[in-house]
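Open the model in your viewer and keep the selection tool at hand. The stops below go from one selection to the next.

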Number of protein chains: 2
Amino acid sequence: MDARSILLGFLMNRSMTGYELKKAFSISFSFFSGLSYGSIYPALGKMEKEGLIRMQAEMRKSGPNRKICTITAEGRKVFLETLKEPFAFEGTKSIFLTRLFFFAHLAPEERRSSAHRYFESVRQVEKTLQRARPEIEAKADRFQLLCYRFGLRFFEDLSRNIAQTVKALEKE
Amino acid sequence: MDARSILLGFLMNRSMTGYELKKAFSISFSFFSGLSYGSIYPALGKMEKEGLIRMQAEMRKSGPNRKICTITAEGRKVFLETLKEPFAFEGTKSIFLTRLFFFAHLAPEERRSSAHRYFESVRQVEKTLQRARPEIEAKADRFQLLCYRFGLRFFEDLSRNIAQTVKALEKE
DNA sequence: CAAACATATATCGTAACGATATATATCGTT
DNA sequence: AACGATATATATCGTTACGATATATGTTTG
């Protein structure tokens with residue numbers, strides 16, 4: 001799914017500004033998807049032109065002016081069609097494997113420290129996700145909870161997998 | 001690592017054409033990284049201008065003309081510097097979780113069939129990777145073998161994780 | 001002998017990222 | 001009261017990368 005479909009997905013529930021859409025990602029969504037403002041605002045602008053959303057400018061006395069985005073009937077239709085399309089595995093890019101692939105060019109000590117530092121960074125993200133549990137459980141629907149649990153297991157597996165690789169690097 | 005560093009990494013071992021570089025990906029590298037011609041040729045052109053590689057045009061009587069890329073001393077230096085930089089986890093995008101996140105908008109039967117089809121596509125990639133074993137073991141160095149084994153475990157874990165999610169979708 | 005496949009390079013439009021610019025409002029602190 | 005830091009809010013710019021497409025030659029196969 002491209003940026004536009006994801007934005008439409010969020011707007012299916014309620015109207016939001018570009019800023020709110022960005023925040024929506026950082027809460028429950030960030031560990032498996034994410035969009036920057038450089039993607040959000042151009043996508044919103046295009047979708048308004050195409051009639052998938054409406055944007056109402058709101059002049060406020062308190063705080064900077066906002067543009068509230070509301071999905072149209074056409075937008076809902078397009079989103080649901082996209083969601084119904086079948087989807088298959090997409091090759092995931094791994095910075096760790098890309099680096100490991102060329103590790104022959106590093107000294108043994110550089111390999112070990114580099115891999116270990118990466119392992120720690122993964123553990124850090126894992127812990128952050130674990131701590132987000134109350135926040136996510138308060139807001140998520142049934143399927144978003146499945147996403148969260150998938151994420152927990154994913155990081156558990158990933159940690160174990162990297163640990164095994166680090167171990168293999170250490171006995172050389 | 002960006003496209004350029006990966007291309008330099010391959011050129012560390014031997015000189016290659018853009019076409020050969022593309023093929024190098026599809027063998028052992030494709031399941032965790034990959035570049036299209038739309039990335040390769042512009043990146044090679046730029047690196048030649050910057051003096052990281054040399055490109056020798058080869059006029060052949062048999063077959064289309066080629067441009068053989070050779071890494072320079074400066075290119076080797078830049079690659080090794082990049083490889084030595086520390087790296088951390090980068091949020092991985094998952095088409096499965098992005099879809100699952102919005103599954104409330106699908107009918108139960110659509111959810112089940114969609115998730116199951118995705119599961120099958122992952123199994124398919126897993127099997128392809130398993131079958132590539134002899135080919136990879138023949139060419140890979142110690143670290144590239146670690147990449148391969150990481151990949152096998154990764155798909156094993158991923159399959160199990162998706163299967164659990166599919167199971168949760170089925171009992172509703 | 002034609003079709004299909006493999007070799008080989010290159011560009012175009014589009015999507016997306018990350019950085020940056022701009023502006024207002026609030027909150028804490030000295 | 002003044003200051004800096006943080007939060008709210010929109011937008012664009014340069015760059016990277018992808019996927020599709022164009023172009024051309026050579027080889028294999030039905």
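Select DNA strand C and the protein around it: 26 residues surround the strand, counting a residue when one of its heavy atoms lies within 4 Å. The closest are Ser39(A), Lys61(A), Gly63(A), Lys67(B) and Lys93(B). This is a predicted model, in which local features need pLDDT of at least 70 and side-chain atom pairs count only at pLDDT 80 or more, while totals for chains, interfaces and linings use all residues. Residues are numbered from 1 along each chain as its sequence is written, chains are lettered from A and ligands numbered from 1 in the order in which they are written, and side-chain values use heavy atoms, with hydrogens and water left out.

Next, show the phosphates of strand C. Sugar or phosphate accounts for 69% of the DNA strand C atoms within 4 Å of the protein, and bases for the rest. Look for three polar contacts (pairs of N or O atoms within 3.5 Å):

- Lys67(B): a polar side-chain atom lies 2.3 Å from a phosphate oxygen.
- Gly34(A): a polar backbone atom is 3.1 Å from a phosphate oxygen.
- Ala3(A): a polar backbone atom is 3.2 Å from a phosphate oxygen.

Now colour by element. Which helix gives the most to the surface near DNA strand C? H3(B) does, with 4 residues.

Finally, select chains A and B. A turn of 180° with a shift of 0.0 Å along the axis lays chain B on chain A, with an RMSD of 0.0 Å (least squares on the C-alpha atoms of residues with pLDDT of at least 70 in both). That is the relation of a two-fold axis. In chain B, the C-alpha of Asp157(B) comes closest to this axis, at 3.2 Å.

Terms used. A polar contact is a pair of N or O atoms within 3.5 Å; within protein, one must be able to donate a hydrogen and the other to accept it, and residues adjacent in sequence count only if both atoms are side-chain atoms. Helices (H or I, at least four residues) and strands (E, at least two) are DSSP runs, numbered from the N terminus.
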